[in-house]
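This report introduces a chain to a reader who has not met it before, beginning with a pair of helices and moving on to aromatic rings and the chain as a whole. Please look over the sequence and the structure before reading on.

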Amino acid sequence: MSDGSDSPGLLDELPGEVMMWVLIISELLVFGAGLVAFMAMRLTDPVGFAEAQAHLHRAGAALNTVVLVTSGLLAALAVRAAEAGREARKRGLLAGAMALGVVFLVIKGMEYADKANEGIGIETNTFFTFYYLLTGFHAAHVIAGVVLLGLVAALRDPRATETGAAFWHMVDLVWVLLFPVIYLIR
């Protein structure tokens with residue numbers, strides 16, 4: 001009877017580093033709690049939330065969804081390039097993913113500036129408190145992800161590229177959840 005020590009365990013099969021997965025799971029739990037709280041508060045004031053939501057830029061948010069999902073594809077392709085030893089291609093793909101992360105931040109910054117011009121801030125109402133907290137926290141993760149992708153682009157270790165891409169995919173996933181909950185569901 002085998003003790004299973006010669007077969008890979010679950011932790012050995014995760015892409016990237018285990019501690020990154022601890023971070024990813026903890027971040028998903030934080031964002032999940034924020035989304036649950038947002039939806040619970042929406043139930044207490046559906047009309048107020050719908051009125052506040054009408055001030056958002058759905059088209060910009062939809063464009064940002066395409067931008068981040070595309071950047072996630074580039075990060076995934078960078079992992080394949082790293083595994084194949086194609087360093088120049090890996091770096092180019094990661095640069096593309098990083099550039100799209102910056103595009104996301106520019107679009108989000110334009111939306112924030114528009115809200116500021118309308119006199120809408122974090123204290124305007126409950127909807128905008130959650131809006132700024134959730135999207136701002138996400139934007140901070142986009143910044144961290146761009147930096148992380150830049151760091152792993154300089155490394156020749158495919159596992160480092162996997163680790164950076166895993167974090168970036170978490171950033172994508174969170175936005176794919178934030179977008180419909182904040183911008184679309186009424």
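In this predicted model, helices H5 and H7 are roughly parallel to each other, because their axes cross at roughly 30 degrees and angles under 35 degrees count as roughly parallel. The two axes come within 13 Å, and the crossing of H5 and H7 is left-handed.

Which residues bring H5 and H7 into contact? From H5 come Lys90, Leu94, Ala97, Gly101, Phe104, Lys108 and Glu111, and these meet Thr161, Trp168, Trp175 and Tyr183 in H7. The residues of this contact divide into 6 nonpolar, 2 polar and 3 charged.

**Aromatic pairs**

The count of aromatic pairs in the model comes to 15. One of them joins Phe104 and Trp175, whose ring planes stand at 85 degrees, so that this pair is edge-to-face. The pair links distant parts of the chain, since Phe104 belongs to helix H5 (residues 87-117) and Trp175 to helix H7 (residues 158-184), with their positions 71 residues apart in the numbering. Both Phe104 and Trp175 are buried.

Tyr112 and Tyr131 form another aromatic pair that is edge-to-face, and this pair, too, links distant parts of the chain, with Tyr112 in helix H5 and Tyr131 in helix H6 (residues 126-153), 19 residues apart. Is each partner buried or partly exposed? Tyr112 counts as partly exposed because its relative accessibility is 21%, whereas Tyr131 is buried, with a relative accessible area of 0%.

The geometry of the two pairs is set out below.

| Pair | Centre to centre | Angle between planes |
|---|---|---|
| Phe104 and Trp175 | 5.0 Å | 85 degrees |
| Tyr112 and Tyr131 | 6.0 Å | 90 degrees |

The residues of both pairs belong to one aromatic cluster, which is formed by Phe38, Phe49, Phe104, Tyr112, Phe127, Phe128, Phe130, Tyr131, Tyr132, Trp175, Phe179 and Tyr183. Tyr183, a member of this cluster, is also among the residues of H7 that meet H5.

**The chain as a whole**

The secondary structure of the chain comes to 7 helices and 0 strands, and read along the sequence it follows the pattern α-α-α-α-α-α-α. Taken along the principal axes, the C-alpha atoms fill a box of roughly 60 × 45 × 20 Å. Of the 186 residues in the chain, 40% are buried. Among contacts between residues at least 6 apart in sequence, 78% join residues at least 24 apart.

How values were computed
Residues are numbered from 1 along each chain as its sequence is written. This is a predicted model: local features need pLDDT of at least 70, side-chain atom pairs count only at pLDDT 80 or more; totals for chains, interfaces and linings use all residues. Side-chain values use heavy atoms; hydrogens and water are left out. Rings of Phe, Tyr and Trp (its six-membered ring) pair if their centres lie within 6.5 Å; planes under 30 degrees apart count as stacked, over 60 as edge-to-face and the rest as tilted. Helices (H or I, at least four residues) and strands (E, at least two) are DSSP runs, numbered from the N terminus. Buried means under 20% relative accessible area, exposed over 50%, partly exposed in between (1.4 Å probe, protein chains only). Axes are lines fitted to C-alpha atoms, for helices over the stretch in contact, and angles run from 0 to 180 degrees between N-to-C directions. Angles under 35 degrees count as roughly parallel, over 145 as roughly antiparallel, 65 to 115 as roughly perpendicular and the rest as oblique. A crossing is left-handed if the near helix is turned anticlockwise from the far one by less than a right angle, and right-handed if clockwise. Contact means heavy atoms within 4.5 Å. Ala, Val, Leu, Ile, Met, Phe, Trp, Tyr, Cys and Pro count as nonpolar, Asp, Glu, Lys and Arg as charged, and the others, Gly among them, as polar.
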